[in-house]
Amino acid sequence: MPAPAAAPAASGPIVVAGTVADEASKAALLGRLRAVYGAERVVDQLAVGTVSTPANWNEYVGRLIGPNLKMISRGQLKVDGNTVSLRGDVANEGQRQQIAGDIAASLNPTYTVNNGLRVAASEQSVLDAALANRIIEFESGKAALTPSGMAILDQMSEALRKLNGIKVEVIGHTDNAGSRAGNLSLSQARAEAVKTYVAARGIQADSISVSGEGPDRPVADNRTPDGRARNRRIEFKVAQ
């Protein structure tokens with residue numbers, strides 16, 4: 001069951017998606033999230049279906065959702081059976097170790113914790129400031145940049161130049177309309193188009209890696225037009 005992300009921003013939505021075994025499990029998980037983050041921030045995209053879970057799974061998942069998660073930005077907590085994967089950015093190495101250590105200590109030895117947390121580099125703030133939460137737009141259903149998308153990338157190219165060849169990952173995301181396979185392909189193509197554009201403006205191509213995550217990492221509710229628009233985005237991350 002993919003569980004929610006830690007907060008992508010101080011006031012950002014907490015999107016919880018995946019499948020749980022029953023309504024009681026869903027209510028318990030949502031209740032824990034609302035207690036930690038506030039009810040108004042939790043976006044429920046959970047489904048109830050047939051899934052196999054380890055013994056006392058609900059109890060262990062509840063232990064994972066604590067105040068420490070609020071130290072993570074642009075985060076994702078995924079629970080698949082007894083494998084726990086954590087991604088996102090933290091302010092320092094101490095936080096990275098503390099969060100992962102506390103999670104491991106709250107589980108029994110049958111659980112595996114994959115610590116994908118990263119210490120946010122100062123270079124990341126350069127990219128975040130240049131993008132300024134704007135959406136790089138493409139023609140509908142295509143990997144062709146719009147004029148406004150190109151204008152933002154002109155500014156991103158200036159920011160990338162300031163990084164002096166530091167490795168950066170360009171990540172494409174989509175909403176959940178259409179097939180997952182098609183969205184994965186589209187998000188990859190859009191990330192490639194961004195790389196091609198900035199490379200044409202003098203950014204070293206070998207300093208840019210690309211990936212497409214399709215609809216798998218929403219930051220907003222796909223059930224609303226505004227949410228879908230926010231999920232159709234390009235992300236720039238300093239590679240570590």
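## Exercises on a predicted chain

Before you start: this is a predicted model. Its chain averages a pLDDT of 88, and 94% of the residues score at least 70. Watch residues 1–10, though: the pLDDT there is below 50, and this stretch has 53 contacts in the model beyond near neighbours in sequence.

**Exercise 1.** Work out which strands of the open sheet stand at the edges, and why one side of each is left without a neighbour.

*Solution.*
- Start with the order: 3 strands line up as β7-β6-β8, with mixed pairing.
- Now look at partners: β7 (208–212) and β8 (233–238) each have a single partner strand, so one side of each has no neighbour in the sheet. Those two are your edge strands.
- As for the twist, neighbouring strands here are turned by 20° against each other on average, ignoring direction.

**Exercise 2.** Find out in which sense β6 and β7 pair, and what lies across the sheet strands.

*Solution.*
- β6 covers residues 168–173 and pairs with β7 in the parallel sense, over 5 bridges.
- For one spot to look at, find Val168: opposite it in β7 stands Ile208.
- Next, find helix α6, residues 180–199. This helix lies across β6, β7 and β8, and runs at about 160° to β7.

**Exercise 3.** Check how the chain's radius of gyration fits that of a compact globule.

*Solution.*
- Take the rule's value: for 240 residues, a compact globule would come out near 18 Å.
- Compare: the chain has 19 Å, which agrees.
- Add the outline: the C-alpha trace spans about 55 × 40 × 30 Å along its principal axes.
- Finish with burial: 43% of the 240 residues count as buried.

Definitions and conventions. Residues are numbered from 1 along each chain as its sequence is written. This is a predicted model: local features need pLDDT of at least 70, side-chain atom pairs count only at pLDDT 80 or more; totals for chains, interfaces and linings use all residues. Side-chain values use heavy atoms; hydrogens and water are left out. pLDDT is the predictor's confidence in each residue, from 0 to 100. Contact means heavy atoms within 4.5 Å. Two strands pair if DSSP finds at least two bridges between them. Helices (H or I, at least four residues) and strands (E, at least two) are DSSP runs, numbered from the N terminus. Axes are lines fitted to C-alpha atoms, for helices over the stretch in contact, and angles run from 0 to 180 degrees between N-to-C directions. The radius of gyration is taken over C-alpha atoms; the globule rule is 2.2 Å times the number of residues to the power 0.38. Buried means under 20% relative accessible area, exposed over 50%, partly exposed in between (1.4 Å probe, protein chains only).
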